[in-house]
Structures are given as C-alpha cells and as structure tokens.
Amino acid sequence: MAQFDLRGLPSVDRVLQQVASELPHWLVVQVIRREIQTLRAALQNGRQLDAEQLWEMLLAAVRGRLESLLGPGLREVINATGVVLHTNLGRAPLPAAACKAMAETAGYVNLELDLADGERSSRLNHVRELLCLLTGAEAALVVNNNAAAVLLVLSVLAAGKEVIVSRGQLVEIGGSFRLPDIMRAGGAQLVEVGTTNHTRPSDYEMAIGADTALLLRVHPSNFTITGYTGEVDLATLVGIGRRHGIPVMEDLGSGLMVDFPGADLTLPAAIAAGAAIVTASGDKMLGGPQAGLLLGRAELIEPLAKSPLFRAMRLDKTRLAALEATLRLYLEPETAWREIPALSMLARPPAELAKQARSLARRLKRHLDVPVTVCASRAPVGGGSLPGLELPTSLVALTVATAGQAQALVDALRVGNPPVLARARGEQVLFDIRTVISSQHTPLVAACRAALEVAQCDVS
Ligand SMILES: *Cc1c(COP(=O)(O)O)cnc(C)c1O
C-alpha cells in the first residue's frame with residue numbers, strides 16, 4: 001500500500017469511545033493524543049500500515065499506557081536469581097533499621113540545624129563521624145553515588161592535570177560508568193600505563209611527571225582477568241606516590257566494611273594501606289541506600305565540599321537517614337552480619353540454604369503438577385561486586401517439556417504478581433534460594449501456579 005494519508009489517523013474522540021479507564025478524563029485524552037502523535041511520526045518516517053493495523057496498534061498502545069499509569073511503576077519483586085547485588089533489581093535490599101529511619105525522617109527534621117544552639121549545621125555531620133570512626137579515615141563526604149564521587153574528585157583535584165591509571169583498570173561498570181568518559185567529564189587527562197593484563201610499579205614511575213595530579217586504582221568490580229596477570233597493589237602504589245608527593249586514590253566500588261573470605265579490599269583496609277582518597281558505593285557491599293562515599297585525608301576531602309558540583313550531588317534527608325542507620329549497624333560487626341540483608345544473604349550457610357530449598361520444594365510439589373527438584377550448585381553472587389566469587393547454594397528446579405516452555409515460564413513469572421525473577425536452563429526453571437526470604441515462599445508458590453497457567457506448560 002502507498003503512503004498512508006495522515007489525515008486518515010483516528011480522532012481522539014473515536015479512541016475515547018473505545019477505552020474505558022478509571023483515570024481522569026484529561027489524562028486519558030493526553031495519553032491518546034501522545035499515541036496518535038507517535039503513530040503519525042512513524043507514518044511520516046515511512047512505516048507502512050493500513051487503516052485496520054493502525055487502529056489496532058493505536059488501541060493497544062493507549063490501553064497499555066493507561067494500564068501502566070494505574071499502578072506504581074516501581075514494584076516489589078521476588079529475586080530468585082541468587083545475585084545479591086543485582087543492579088537491575090535495585091542492588092542492596094535495605095536493612096529494617098534503614099527503612100524505619102527513612103519513614104521517620106520523611107517530615108520535618110533537623111537536617112541542617114543544630115538543635116542544641118539553634119545554629120545552622122551540616123547535613124553530613126552524623127554520617128561523617130560514623131564513617132571516620134568505622135574506617136579510620138581522617139575525613140569523609142557523601143554524595144549521590146560512586147560515579148559522582150569519582151567525578152567530584154577528578155573535577156576538583158585533577159582538572160587540567162594528568163591522572164595515571166593502569167590499562168587493566170580502564171573499566172566499564174554497570175553499562176554507563178566508563179572511566180575514560182568520567183575522566184573527560186572531569187576535565188582530567190587520562191594517562192594509561194602498563195598493558196591489559198600486566199602493569200608494574202615501574203610503569204607508574206615512568207609516567208609520573210610535573211602534571212600528575214593523582215595515581216588512581218579502580219577496582220574491577222564486575223570481571224576478572226585470569227592467567228598471566230599482575231596489578232600493582234595499593235600499598236606498593238602508595239609507596240610510589242609518597243616518593244613523588246602524589247596522592248593515591250582507590251575507587252573501591254563495593255564499599256565492603258567487614259572482612260569476607262575471597263572478597264575485595266575493605267574500606268578500613270584501603271585507608272590503612274595509605275590511600276589518600278577512597279571512593280565506594282553505598283548500595284553494594286555496604287548494604288545501604290544509593291550513595292557515593294568519599295573517605296581520606298582531610299586536606300584532600302575538605303576542598304571537595306566547597307565545589308558547586310558537590311552541592312549538585314548531595315543526598316536528601318531520607319537517604320542520609322538510611323545511610324546513618326546502616327552505618328550504625330556496623331558498630332557491632334555481629335549486628336551488621338545479622339541485620340544487613342546484603343551481608344546476611346552472602347553469609348547464609350549451605351545447610352540452611354538446602355533446608356529452605358527443600359521446604360520451598362515441598363510446598364511447590366503440593367500445589368503444582370510439574371516435577372520439582374532441589375539441587376546443590378555454585379553461583380556467582382556479586383552482580384557488579386565480588387568478581388569471580390562463587391558460593392555454594394541450593395536451587396529449586398521446575399522441569400517442563402521443552403526449553404521453549406521453560407523460557408515462557410520465566411517470562412510469565414516476570415510479568416506476574418508479584419513479579420518473580422528466575423532463570424531458565426534447558427527444560428528447567430531455576431530458583432536460587434539465597435536471595436529468597438522465607439516470607440516470600442507463599443507468594444512465590446502462588447506466582448508459580450499462575451505463571452504455569454499463563455505459559456501453558458506441560459511435562460514431557
Ligand atoms: C559500581 C562502581 C562504580 C559506580 O558506582 P555507582 O554507585 O553505581 O555510581 C564506580 N566504580 C567502581 C569500581 C564500581 O564498582
């Protein structure tokens with residue numbers, strides 16, 4: 001068919017008569033107008049559609065949009081992937097104390113007011129002190145996220161100067177944090193040293209010049225290089241920096257505060273090793289809200305707070321309250337391991353995981369017509385933290401007739417209520433129990449029943 005006559009597009013009134021919605025009239029009209037506009041643009045771009053197709057597409061698009069406007073866009077999901085810090089699922093689930101603190105500070109609070117003397121105070125006072133006490137750092141600041149923290153340091157301390165980084169650490173993290181891009185945005189000149197798999201102390205030594213502002217180490221948060229590899233460790237780099245009078249910055253990423261076997265450098269260890277600045281995320285291994293932590297020497301950290309960029313990156317009262325509550329849990333390491341979900345999920349003993357898996361499997365068997373089995377497995381748990389770290393876990397598996405059906409079931413679970421994130425492997429749908437809490441077993445069973453009906457799976 002030839003170019004569709006744009007005047008033939010359905011009118012808003014005609015669509016209005018076909019859609020029923022509880023939403024306000026003005027909103028429905030707006031949605032219809034926008035969808036007609038989208039179709040018009042598609043037609044102008046040469047998309048070929050006859051009147052019938054056009055009408056069907058328009059109605060479907062309008063109905064879909066109205067449906068999504070009815071409910072909240074962000075919904076609680078059941079994470080059965082076993083990945084504790086899943087960026088697409090909001091990273092660290094907050095500790096109960098942090099949730100409570102967020103709710104309690106939603107109204108008016110003494111955010112920038114010293115209640116004792118009625119004078120203005122800094123919103124960061126409480127978290128600053130906790131961060132210094134817990135990590136041994138001289139000074140601390142908190143911004144919106146770790147990407148912001150790195151950008152702030154580069155803009156204030158290294159703009160127009162050189163920053164030396166190992167080639168093996170020029171990483172992309174979480175899709176949009178690319179170190180070379182952040183360098184450019186911060187106005188710093190990147191000086192790459194070494195090779196992808198090997199960088200030596202002499203590589204740094206030779207690159208240091210009059211314009212060097214920082215030596216930067218970036219933690220490889222979501223990948224590992226194996227084989228013939230070598231990076232310069234933090235303590236050695238600090239030694240090099242001292243000899244040349246150049247500060248060393250460690251972009252640690254994970255924000256691990258307590259020792260975990262096989263895991264990253266901790267924040268206190270990075271400070272103890274002599275890093276002049278350490279940056280980390282609040283919502284990875286620290287287990288708190290999204291935030292960017294900056295720790296280190298006072299003469300380097302304090303000037304950062306005077307930058308207009310810092311003002312543009314600051315945290316609001318509820319996130320500060322959540323961060324403070326999370327940090328307080330670290331005052332007693334045992335409390336941290338128990339109360340911070342990101343840590344307690346990692347620390348779940350294999351026997352406890354197996355017991356929970358068997359309990360979930362029993363309930364699924366009672367309610368479903370497909371075979372349910374439990375198997376032991378090893379799985380990566382990080383998702384942008386703890387690269388290469390695999391822990392023993394237990395999987396609950398549903399077996400259906402074909403791989404296509406398994407994928408259809410995974411898709412149906414994801415769009416179900418509550419949404420469940422699981423994974424297909426061959427003819428099986430796998431639930432990793434590590435990230436599923438026992439109170440989620442009942443809704444998970446119900447979601448599986450509904451999804452099996454939708455996906456129309458059978459057993460071979
Ligand atoms: C995750 C990560 C970042 C980005 O942190 P956000 O808090 O997501 O902005 C930067 N650097 C490293 C090493 C990371 O692991």
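**View 1. Polar contacts between the ligand and the protein in the predicted model.** A polar side-chain atom of Arg-91 is placed 2.9 Å from an oxygen atom of the ligand. The backbone also takes part: a polar backbone atom of Asn-146 lies 3.0 Å from an oxygen atom of the ligand, and a polar backbone atom of Ala-147 lies 2.8 Å from an oxygen atom of the ligand. Considered alone, the ligand would expose 380 Å², and the protein buries 94% of that area.

**View 2. The shell of residues around the ligand.** Two elements, helix H6 (residues 146-157) and strand S8 (residues 248-253), each give two or more residues to this shell. The ligand is surrounded by 12 residues, of which Ala-147, Ser-221, Asp-251, Ser-281 and Lys-284 come nearest. By residue class, the shell is made up of six polar, three charged and three nonpolar residues.

**View 3. The protein that surrounds the ligand site.** The secondary structure of the protein amounts to 18 helices and 15 strands, and the C-alpha trace spans about 75 × 60 × 55 Å along its principal axes. Of the 460 residues in the protein, 49% are buried. Among the contacts in the protein with a separation of 6 or more, 75% are between residues that stand 24 or more positions apart. The protein exposes about 22,200 Å², of which 51% is supplied by carbon and sulfur atoms.

Methods
Residues numbered from 1 in each chain as written. Predicted model: local features only at pLDDT ≥ 70, side-chain atom pairs only at ≥ 80, totals over all residues. Heavy atoms only, no water. Near = heavy atom within 4 Å. Polar contact = N/O pair within 3.5 Å; in protein donor to acceptor, adjacent residues only side chain to side chain. Areas by Shrake-Rupley, 256 points an atom, 1.4 Å probe, with all protein chains shown as cover. Helix = DSSP H or I, 4+ residues; strand = E, 2+ residues; numbered from the N terminus. Nonpolar A, V, L, I, M, F, W, Y, C, P; charged D, E, K, R; others polar. Buried < 20%, exposed > 50% of the residue type's maximum accessible area, 1.4 Å probe, protein only. Contact = heavy atoms within 4.5 Å.
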